[in-house]
Amino acid sequence: MSELNQIALKIVSNGKGILAADESTPSMDKKFNAIGVEPNPENRLKYREILFTSNGMKDYIGGVILFEETLNQISKSGLPIPQLIENQGTIIGIKVDTGLKKNPESPDENITSGFDGLEDRLKKSYEIGARFTKWRALIKISDKFPTEVAIKSNAIDLAKYASIVQNFNMVPIVEPEVLMEGDHDINQCYEITARLLSECFNQLKLQSVDLSGILLKPNMVVPGIDCQNQSSTNEIAKMTFNCLKDNVPSEVPGIAFLSGGQSEIESTRNLNEINKINDTNFIFTYSYGRALQQSALNYWGKNPDDINNIQKIFNHRAKMNSLSTSGKWAEDIDKINI
């Protein structure tokens, strides 16, 4: 077992998943404005530190993805944030892409930027304590999109990124996301997700990436938000499971889903249903941002000093998702009294 494989398995094993706390500053500003909190570095640190010191981190979070600002902040206890997280037994990850730009080969679609200065950022992040990374590629569905060139160019860049990261002895999270925005049905999502995954793994193999030392962060196969025919949990689970089973090589140790616009309950319920039918060796778990944090964030906005209950809300959501990694979640236990 390679060192990278050991890191990957530690992040996603034993009912644990990933907390995606890598929101960019503009993204966090938007969230804070929505709950009436002044957006500044101090408040961003205060909020994240409440989550990072919760029991839910120790019990249910194997890895946390940070934004560069957070990686370099000092907690109120005087400990650097990376050390605070490591003390919980959680592995530190870092978002290394720098956002979207127009795809030069298809200007109405996106490609992800971040190769400029990537090696320097990886070196510094490793020295601070990061052991895995994240790079997100976005694919939209419409009557014209995605184009083949968008699928291929994003897959090439994901593979190139993964190869560079492994050279720095870190586990790359490969995140090819098919967006929920649109009126496409679940069959269209299945088709595009399958094409995207197939091309990603084709390119990863061409780049000689060690597939046992990556984590995959895909979307679930779901209909678009504006689709007239929404699908049942059972259909989402079956189509997601079949799509991944048919397109992801067995060497990949873990598949940590993004929530992609699903509510907290939807993302937990869908993951639970996927694990109830999982007859493979894949570990299916979560890499959620909003779907782990939204209730805690909303409560914090109204009650910033009630740390016990903020953490209680986060701990509950993390526990529910942990239960869903073994198909043991149920709606009647997903209740919390504050």
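Here are five short exercises with worked solutions on this predicted model.

**Exercise 1. The strand β6 and its neighbours**

Task: Work out whether β6 is enclosed or not, and which strands pair with β6.

Solution:
- Step 1. Start with burial, where a residue needs under 20% relative accessible area to count as buried. In β6, 7 of the 8 residues are buried, so the strand is largely enclosed by the rest of the structure.
- Step 2. Look to one neighbour. Strand β3 (residues 91-95) runs parallel to β6 and is joined to it by 3 bridges. Within this pairing, K95 has K134 of β6 as its bridge partner.
- Step 3. Turn to another neighbour. β6 also pairs with β7, in the parallel sense, over 8 bridges. Here R136 stands opposite E175 of β7, and W135 stands opposite V174 of β7.
- Step 4. Follow the chain between these two strands. From β6 it passes through helix α8 (residues 148-167) to reach β7, in a β-α-β crossover that is right-handed.

**Exercise 2. The strand β7 from both sides**

Task: Find which residues cover the two faces of β7, and where the chain goes after this strand.

Solution:
- Step 1. Count the buried residues: 8 of the 8 in β7 are buried, and the strand is mostly covered.
- Step 2. Split the strand into its faces. One side carries V171, I173, E175 and E177, the other P172, V174, P176 and V178, and every one of these residues is buried.
- Step 3. Find the pairing with β8. The strands β7 and β8 run in the parallel sense and share 2 bridges. I173 has L215 of β8 as its bridge partner.
- Step 4. Trace the connection. Together, β7, α9 and β8 form a β-α-β unit that is right-handed.

**Exercise 3. Two buried residues, G213 and N103**

Task: Place G213 and N103 in the fold, and decide for each: buried or exposed?

Solution:
- Step 1. Locate G213. It sits in the loop between α9 (186-206) and β8 (215-216).
- Step 2. Check its accessibility. The relative accessibility of G213 is 0%, so G213 counts as buried.
- Step 3. List what surrounds G213. Leaving aside residues up to four places away in sequence, G213 touches L4, N5, Q166, V171 and P172. V171 and P172 are already familiar, as they lie on the two sides of β7.
- Step 4. Add a distance. The C-alpha atoms of G213 and A162 are 9.6 Å apart, while 51 residues separate the two along the chain.
- Step 5. Repeat for N103, which belongs to strand β4 (residues 100-103). Its relative accessibility is 1%, so N103 counts as buried too. With residues up to four places away in sequence again left out, N103 touches E109, N110, I111, V149, A150, S153 and N154.

**Exercise 4. The two pockets**

Task: For the largest pocket and the second largest pocket, find the volume, the residues closest to the centre and the make-up of the lining.

Solution:
- Step 1. Take the largest pocket, which holds about 890 Å³ of space. Its lining has 33 residues, of which S27, K31, R136, E177 and R290 are the closest to the centre.
- Step 2. Assign the lining to elements. Two or more residues each come from α2 (25-34), β5 (106-112), β6 (132-139), β7 (171-178), β10 (283-288) and α12 (290-302).
- Step 3. Sort this lining by type: 13 residues are charged, 12 polar and 8 nonpolar.
- Step 4. Move to the second largest pocket, with a volume of about 200 Å³. It is lined by 13 residues, and M180, Q230, I236, E266 and N270 are the closest to its centre.
- Step 5. Assign this lining as well. α10 (233-247) and α11 (264-276) are the elements that give two or more residues, and α11 gives the most, with 3 residues.
- Step 6. Sort by type once more: 5 nonpolar, 6 polar and 2 charged.

**Exercise 5. The enclosed space**

Task: How many cavities of 30 Å³ or more are there, and which residues line the largest cavity?

Solution:
- Step 1. Count them: there is 1 cavity of 30 Å³ or more.
- Step 2. Give the volume of the largest cavity, which is about 40 Å³.
- Step 3. Name its lining: E177, V178, M180, N219, M220, V222, L258, S259, G260 and Q262.
- Step 4. Sort that lining by type: 5 residues are nonpolar, 4 polar and 1 charged.
- Step 5. Link back to the pockets. E177 lines this cavity and is also among the residues closest to the centre of the largest pocket. M180 lines the cavity and is one of the residues closest to the centre of the second largest pocket.

Note on methods
Residues are numbered from 1 along each chain as its sequence is written. This is a predicted model: local features need pLDDT of at least 70, side-chain atom pairs count only at pLDDT 80 or more; totals for chains, interfaces and linings use all residues. Side-chain values use heavy atoms; hydrogens and water are left out. On a 1 Å grid over the protein atoms alone, a cavity is a set of points where a 1.4 Å probe fits but cannot get out, and a pocket is an open set with protein on both sides within 12 Å along at least five of seven lines; lining residues have an atom within 4 Å of a point. Grid points are joined across faces, edges and corners, and a volume is the space filled by probe spheres set on the points. Helices (H or I, at least four residues) and strands (E, at least two) are DSSP runs, numbered from the N terminus. Ala, Val, Leu, Ile, Met, Phe, Trp, Tyr, Cys and Pro count as nonpolar, Asp, Glu, Lys and Arg as charged, and the others, Gly among them, as polar. Buried means under 20% relative accessible area, exposed over 50%, partly exposed in between (1.4 Å probe, protein chains only). Two strands pair if DSSP finds at least two bridges between them. A crossover is right-handed if, with the strands pointing away from the viewer, the path from the first strand over the helix to the second runs clockwise. Contact means heavy atoms within 4.5 Å.
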